Amino acid sequence: MGIVTPGFRGRPRPSGPELPPGQYLTEDFPVLSAGPTPRVPMDRWEFVITTETSREHRWSWTDLMALPSDTPTVDIHCVTKWSKLGTTWQGVSLDTLMSDVDTAADYALVHSYGGYTTNLPLSDLLDGRAWVAYRFDGDDLHPEHGGPARLLVPHLYFWKSAKWVRGIQLRFDDEPGFWESAGYHDYGDPWREQRYQGD
Amino acid sequence: MPEQLDLGPHLDGNALAGPLREIFAVDVTAATSRCAACGQAGALAGLHVYASAPGMVARCPSCEEVVLRMVRTPDAAWLDLRGAVALRIPM
Amino acid sequence: MARAAVPGRLSWRVGRLAEARQETPTARTLVLDVPGWPGHLPGQHVDVRLTAEDGYSAQRSYSLAAPAEGGRVELTVQSVPEGEVSAYLTGVYSTGDPVELRGPVGGWFVWRPAGTQPVLLVAGGSGIVPLMAMIRSRRAAGSRVPFRLIYSVRTPGDVYYADELRRRARDDAGLDVTFVYTRAVPEGWPHPPRRIGVTVVNTNGWPPALTPDCYVCGPTGFVETVADILVALGHDPRRVRTERFGPTGG
Ligand SMILES: Cc1cc2nc3c(=O)[nH]c(=O)nc-3n(C[C@H](O)[C@H](O)[C@H](O)COP(=O)(O)OP(=O)(O)OC[C@H]3O[C@@H](n4cnc5c(N)ncnc54)[C@H](O)[C@@H]3O)c2cc1C
Ligand SMILES: [Zn+2]
């Protein structure tokens with residue numbers, strides 16, 4: 001720890017018993033950005049699941065909108081230490097998108113417009129735990145928060161919830177994504193404080 | 001697919017000077033690097049740096065591909081330079 | 001636990017507030033005593049780290065505003081709305097209190113007093129800070145390289161170092177200063193409030209044929225605009241050096 005500067009407290013960092021270790025509560029929705037915000041024309045937007053045998057399953061925006069959706073209310077935890085409780089989204093469950101996909105893969109590498117990637121076990125995308133979300137708090141998802149659509153996997157640190165999602169590649173091996181190849185944890189469970197490789 | 005990009009709030013490569021001087025004994029931001037994606041050469045100080053993120057991401061000002069990434073964990077610095085062909089460091 | 005310093009690499013130093021000056025109602029110059037300060041070039045900055053009692057820490061960059069005098073260095077900090085670090089440094093930070101500093105850093109956005117090219121400085125708001133260090137160093141080094149400064153501020157009350165700039169514009173031979181006011185102008189000013197544009201830069205800068213070194217500093221949007229104008233006017237992009245302070249850079 002550095003030398004204490006008297007009177008410096010930093011932004012208020014309310015904690016709570018319902019928060020994972022090291023996290024503090026925020027009311028606003030900070031925007032993190034590792035690059036420019038991609039703008040994809042809706043008539044060109046598509047979401048593609050590619051299996052380990054290179055079979056592709058595609059959805060256009062219209063296809064996605066035609067699928068049944070959920071409105072989960074979930075807590076989100078960013079690795080930069082803020083947590084936001086009770087956020088409400090609308091999106092299509094990955095269970096729905098995966099229902100016709102035949103795969104024996106164990107891992108998923110998520111790809112985004114703009115080049116971002118993130119990896120996680122395929123099982124973490126299933127059983128009602130992940131969505132392709134396109135509405136937040138009753139409004140269309142704003143581009144700076146990942147619109148038109150982002151992945152939502154709230155039980156892992158929020159960098160796994162890839163903004164501007166464009167597809168998922170199913171794999172036998174766990175290929176590290178953008179942050180995972182630069183020191184962040186391959187799994188990223190906030191309750192076990194898995195921030196960095198080796199945590 | 002041609003994606004239209006909206007340049008977010010970025011800084012210049014100058015902002016990497018402090019974090020990189022924790023690793024290197026010389027200032028690397030004045031070094032020239034060549035972008036592995038588009039070939040454009042320039043000072044690291046001229047890269048576009050996105051700092052409100054889990055790490056610092058420096059992108060080519062010409063094609064916006066990632067040139068350098070740096071993550072500081074409590075006990076290590078991770079530095080990825082795969083987007084740079086080579087660095088010419090003035091001595 | 002403190003690790004042993006590795007030679008050549010920079011570690012954090014402790015500086016203490018020796019004195020402070022209010023530059024404008026929202027900007028404050030901090031004069032810090034930093035034992036063992038190695039000196040610096042105008043344009044360089046430091047990273048400042050603040051640590052709270054509970055171990056929480058925040059780190060930001062601040063430009064060095066003047067040439068060092070021994071172990072004394074100066075920063076000028078603009079208070080930004082809801083700014084975590086700037087609010088503390090402009091409002092709470094008191095004489096004798098310690099902060100940690102890493103620097104000087106940055107070898108690109110610097111002016112070397114041995115330089116011979118004419119220099120154009122373009123500042124937006126707090127972006128004046130490293131450019132003022134260049135103006136001060138020029139005089140201190142007895143350089144006769146011609147300097148032109150274009151300084152964009154919201155209102156006359158937002159000008160940093162106002163008296164000194166007026167004095168230097170009169171006394172430092174070869175230094176021209178142009179103000180651009182974006183919200184309110186001084187009495188009798190020939191223009192209504194305006195934003196910096198091609199005409200201002202063209203009229204008050206140098207012709208590209210003189211191959212001046214251009215330094216542009218301020219909020220990200222301002223820097224973007226000015227750098228585009230300079231390149232459009234025919235300046236070599238390699239001679240246009242920029243320092244973006246971020247969205248809130250004043
Ligand atoms: C190389 C360099 C040199 C600098 N030199 C100086 C200097 O000489 N003087 C000076 O006053 N400043 C300087 N700055 C800016 C300084 O580092 C801080 O950014 C500034 O003081 C604000 O910090 P803060 O903690 O007060 O604000 P923060 O708490 O970081 O932010 C305050 C508010 O600004 C907004 N904000 C901040 N970051 C973002 C973002 N990325 N996207 C959207 N909104 C955002 C948010 O609304 C936030 O609530 C420099 C920056 C750099 C990179
Ligand atoms: Zn490039």
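Start by selecting ligand 1, which in this predicted model lies between chains A, B and C. With the ligand centred, display the 25 residues around it, and look among them for A:Arg11, C:Arg60, C:Ser61, C:Tyr62 and C:Ser86, which come nearest. If you colour this shell by residue class, you will find ten nonpolar, nine polar and six charged residues.

Next, turn to the polar contacts, beginning with the side chain of A:Arg11, where a polar atom lies 2.5 Å from an oxygen atom of ligand 1. Then select C:Arg60, whose side chain has an N or O atom 2.8 Å from an oxygen atom of the ligand. At C:Glu84, show the backbone rather than the side chain, since a backbone N or O atom of this residue lies 2.9 Å from an oxygen atom of ligand 1. Switching to a surface view, keep in mind that ligand 1 taken alone exposes 980 Å², of which the protein buries 78%.

Now return to a cartoon view and pick out, in chain C, strand 4 (57-63), strand 5 (72-78), helix 1 (84-91) and strand 11 (240-244), the elements that each give two or more residues to the shell around ligand 1. Strand 4 of chain C deserves a separate selection, as its four residues are the most that any element gives to this shell.

Finally, colour chain C by domain, with residues 2-105 as domain 1 and residues 119-245 as domain 2. Both domains give residues to the shell around ligand 1, and the ligand therefore lies between them.

Notes: Residues are numbered from 1 along each chain as its sequence is written. Chains are lettered from A and ligands numbered from 1 in the order in which they are written. This is a predicted model: local features need pLDDT of at least 70, side-chain atom pairs count only at pLDDT 80 or more; totals for chains, interfaces and linings use all residues. Side-chain values use heavy atoms; hydrogens and water are left out. A residue is near a molecule or strand if one of its heavy atoms lies within 4 Å of it. A polar contact is a pair of N or O atoms within 3.5 Å; within protein, one must be able to donate a hydrogen and the other to accept it, and residues adjacent in sequence count only if both atoms are side-chain atoms. Accessible areas come from the Shrake-Rupley method with a 1.4 Å probe; for residues, only the protein chains shown count as cover. Ala, Val, Leu, Ile, Met, Phe, Trp, Tyr, Cys and Pro count as nonpolar, Asp, Glu, Lys and Arg as charged, and the others, Gly among them, as polar. Domain bounds come from an automatic or database domain assignment.
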